[in-house]
Amino acid sequence: MTTAQLADGPESYVMSGVPIRIDRVTKTFGEDGDNPFEALKEINIDIEPGEFVSVVGPSGCGKSTLMLMVAGLLSRSSGNILVGGNSVTKPITDVGIAFQDHLLLEFRNAMANVTLQADIRKLPKKKIEARAKELFELLRLTHAMEKYPRQLSGGMRQRVSLVRTLVHDPSVILMDEPFGALDALTRLQVRMDLEALWLRRRPTVLFITHSVEEAVGLSDRIFVMSPSPGRVVDEIKVNLPRPRPIVLGDAPEFAAYVDKILDHFEKMGVIHGANVPKVRKVES
Ligand SMILES: Nc1ncnc2c1ncn2[C@@H]1O[C@H](COP(=O)(O)OP(=O)(O)O)[C@@H](O)[C@H]1O
Ligand SMILES: [Mg+2]
């Protein structure tokens with residue numbers, strides 16, 4: 001099944017997302033101690049319902065901290081976070097979360113891993129199983145439903161984890177470098193699968209990555225962050241049609257977005273190599 005077919009199901013254009021508003025949020029670790037550490041400074045990020053937004057920044061700039069605060073798993077020092085219009089004061093529930101470590105339980109097979117949260121949250125099991133089967137099929141994983149994590153490749157495990165993130169059709173999806181552990185080819189595949197699944201129901205996505213290409217490949221808008229203390233230094237709207245092709249590197253409009261973001265990192269001293277063309281075209 002191609003990405004276009006995947007994205008073209010009967011559910012196309014269903015919008016399930018809610019807005020996310022991050023309003024002047026700061027985070028200082030150890031505020032009350034002798035060594036306070038300012039991790040995030042005055043972060044403002046507004047996300048429209050159904051929008052796919054990425055935050056890209058160097059390691060240690062506070063991306064994971066930001067995501068944990070949006071999820072309600074970590075308190076903020078000041079500012080406000082609203083999800084679906086409600087101020088976040090405890091872990092939010094209508095959410096799918098994915099981390100770099102997919103954290104599948106070894107003693108549960110793929111299906112049982114996916115339905116775990118249905119069991120915990122006491123969601124209707126039959127409905128969740130039916131939805132899981134549908135997602136397994138869309139991700140070409142039907143044969144893997146009964147298999148245990150150790151019997152699956154890294155890419156398959158990550159796709160099982162994607163099914164688990166999406167199975168209860170959350171209105172918000174938070175992903176923290178979910179593809180970091182994958183090889184480059186698998187990463188491309190899972191990126192396309194994610195875009196296709198997102199297009200079907202349009203949850204609101206906050207996607208965290210240090211991969212500039214991945215951010216441009218997936219996002220409607222990208223927030224670029226500076227190193228510690230993390231601040232937003234630019235907001236870039238990505239006007240590329242969807243579904244986006246698997247290989248974007250040659251397209252000049254794609255390269256221009258990548259260059260723009262890399263310029264920021266060069267200016268911040270995160271990467272070096274001024275005057276080197278960042279995206280080169282191979283002459284044929
Ligand atoms: N619980 C914590 N206590 C103290 N410092 C922390 C804690 N969590 C993260 N930090 C620090 O905050 C900064 C941002 O961390 P993090 O959000 O994990 O960055 P990123 O995800 O962008 O790599 C880092 O310098 C990190 O060491
Ligand atoms: Mg992180």
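This passage describes a sheet and a pair of helices in a predicted model.

The sheet is a good place to start. Strands of a sheet pair through backbone hydrogen bonds, and this pairing can be parallel or antiparallel. Here, four strands form an open sheet in the order E2-E1-E4-E5, with antiparallel pairing. Strand E2 (37-47) and strand E5 (86-87) stand at the edges; each has a single partner strand, so one side of each is left without a neighbour in the sheet. At the E5 edge, strand E4 (residues 78-83) and E5 run antiparallel and are joined by two bridges. To find one of the residue pairs involved, look for Leu 82, whose bridge partner in E5 is Ser 87. The sheet also has a helix packed on it: helix H2 (residues 63-71) touches strand E1 (20-29), E2 and E4. The direction of H2 makes about 120 degrees with that of E1.

Further along the chain come two helices that meet each other. The axes of helix H6 (residues 154-166) and helix H7 (residues 184-201) come within 10 Å and cross at roughly 20 degrees. Angles under 35 degrees count as roughly parallel, and H6 and H7 are therefore roughly parallel to each other. The crossing of H6 past H7 is right-handed. On the H6 side, the contact is made by Gly 155, Gln 158, Arg 159, Leu 162 and Leu 166, while H7 contributes Thr 186, Val 190, Asp 193, Leu 194 and Leu 197. Sorted by class, the contact of H6 with H7 has five nonpolar, three polar and two charged residues.

Technical notes:
Residues are numbered from 1 along each chain as its sequence is written. Chains are lettered from A and ligands numbered from 1 in the order in which they are written. This is a predicted model: local features need pLDDT of at least 70, side-chain atom pairs count only at pLDDT 80 or more; totals for chains, interfaces and linings use all residues. Side-chain values use heavy atoms; hydrogens and water are left out. Axes are lines fitted to C-alpha atoms, for helices over the stretch in contact, and angles run from 0 to 180 degrees between N-to-C directions. Angles under 35 degrees count as roughly parallel, over 145 as roughly antiparallel, 65 to 115 as roughly perpendicular and the rest as oblique. A crossing is left-handed if the near helix is turned anticlockwise from the far one by less than a right angle, and right-handed if clockwise. Contact means heavy atoms within 4.5 Å. Ala, Val, Leu, Ile, Met, Phe, Trp, Tyr, Cys and Pro count as nonpolar, Asp, Glu, Lys and Arg as charged, and the others, Gly among them, as polar. Two strands pair if DSSP finds at least two bridges between them.
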